[in-house]
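Me: Please take a close look at a single part of this model, the contact between chain A and chain B. What is buried there, and which residues and helices take part?

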Amino acid sequence: VRRLAALAVGFVFGLTLSWSGMTDPDVLRDGLLFKDFYLFGFFLSALVTAFVGLRLLKVLRARAVLTGEPVSWTAVAPERRHVVGSLLFGTGWAVADACPGPIAAQLGQGVFWSVATAAGLVFGVWLFLRRAGTVAA
Amino acid sequence: VHQQLAWYVGGPVLGLCVVALRWLLNERLGATGAWSNAVEKLSSPGVRLDTRGWLLIGLLLGGIVFGIFGSGLDGYGWLTETFTGGARWVVVPVLVVAGALIGYGAKVAGGCTSGNGLSGNAVLSPASLVATATFFGTAIAVSFAIEALT
């Protein structure tokens, strides 16, 4: 059931990203060049909704429906890696005009070019896990 | 794009996905973690797909359904406009390198646009605020640089 729940949320996430044009490189690019407000309107309204929703869960002392544990999270202090990683990520994001969620949705849509982006993404993640010792060579 | 959802509809639905995953499973929604789980599974046979991996399958399915009902892409943005004719193949290595930067960078930073940008900022995690300011700033600068060069 937990996996099905994650699958359902992922499905809505992927469909919404696609429907909003986040899988269209031109929409991303026009947003980043400030030619079109869409990207920032989309991102900020998502953020505000998530903020309000999570606050509500906290205030209501909600328990997770499928696990029974109290809903909780921890704040993370900024470190060098957050800046360094985001510099690399931001560069790749602007070149490919897609980030990990939309890349998965593009693959689903059958966008030919996304196979190349996804291959690079898998290699990048693998390289990190390999260096961190999470996976073997 | 023919059937683009209004941003004030799509954005809140996306935000509700973050809330739903927290409320159902007490988990942070992040696409990089989803990919990471799949890579762990492929690299070590003992690892099972957990909820993160299933989130990735959901993302793919969402794309498939849109691919059936929605409009497809014509080319791929600035890349296919810049590298035309015999130079078209250049797009592939450029995307592979960009993808590797995205994957490696997001893992180092502990999240991407969804994990840090939405889930992390929504709980006002300082690391996520720093990461988001950095990657948005970088992406805007790189986009303007590409615009100037092409």
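Reply: Buried area here is the accessible area, for a 1.4 Å probe, that two parts lose on being put together, summed over both. In this predicted model, the area buried between chain A and chain B is about 9600 Å², and carbon and sulfur atoms give 77% of that area. R3(A), F13(A) and W113(A) supply 8% of what chain A buries against chain B, more than any other three residues.

In terms of residues, the contact takes 105 from chain A and 103 from chain B. Polar interactions are also present: 26 residue pairs are in polar contact between the two chains, both residues of each pair being at pLDDT 80 or more. The count of salt bridges between chain A and chain B is two. A salt bridge joins K35(A) to E147(B), with the closest N and O atoms 3.2 Å apart.

On the chain A side, six helices each supply at least two residues to the surface that touches chain B: α1 (2–19), α2 (25–32), α3 (38–59), α4 (80–96), α5 (100–109) and α6 (114–132). Of these, α1(A) gives the most, with 16 residues. By residue class, the side of chain A that touches chain B divides into 66 nonpolar, 28 polar and 11 charged residues.

One backbone detail concerns the loop between α4 and α5 of chain A, where D97(A) is found. D97(A) is not a glycine, yet its phi is positive, at about 55 degrees. Most residues other than glycine have a negative phi. With a relative accessible area of 0%, D97(A) is buried.

Note on methods:
Residues numbered from 1 in each chain as written. Chains lettered and ligands numbered in written order. Predicted model: local features only at pLDDT ≥ 70, side-chain atom pairs only at ≥ 80, totals over all residues. Heavy atoms only, no water. Contact = heavy atoms within 4.5 Å. Salt bridge = Lys/Arg side-chain N within 4 Å of Asp/Glu carboxyl O. Polar contact = N/O pair within 3.5 Å; in protein donor to acceptor, adjacent residues only side chain to side chain. Helix = DSSP H or I, 4+ residues; strand = E, 2+ residues; numbered from the N terminus. Nonpolar A, V, L, I, M, F, W, Y, C, P; charged D, E, K, R; others polar. Buried < 20%, exposed > 50% of the residue type's maximum accessible area, 1.4 Å probe, protein only.
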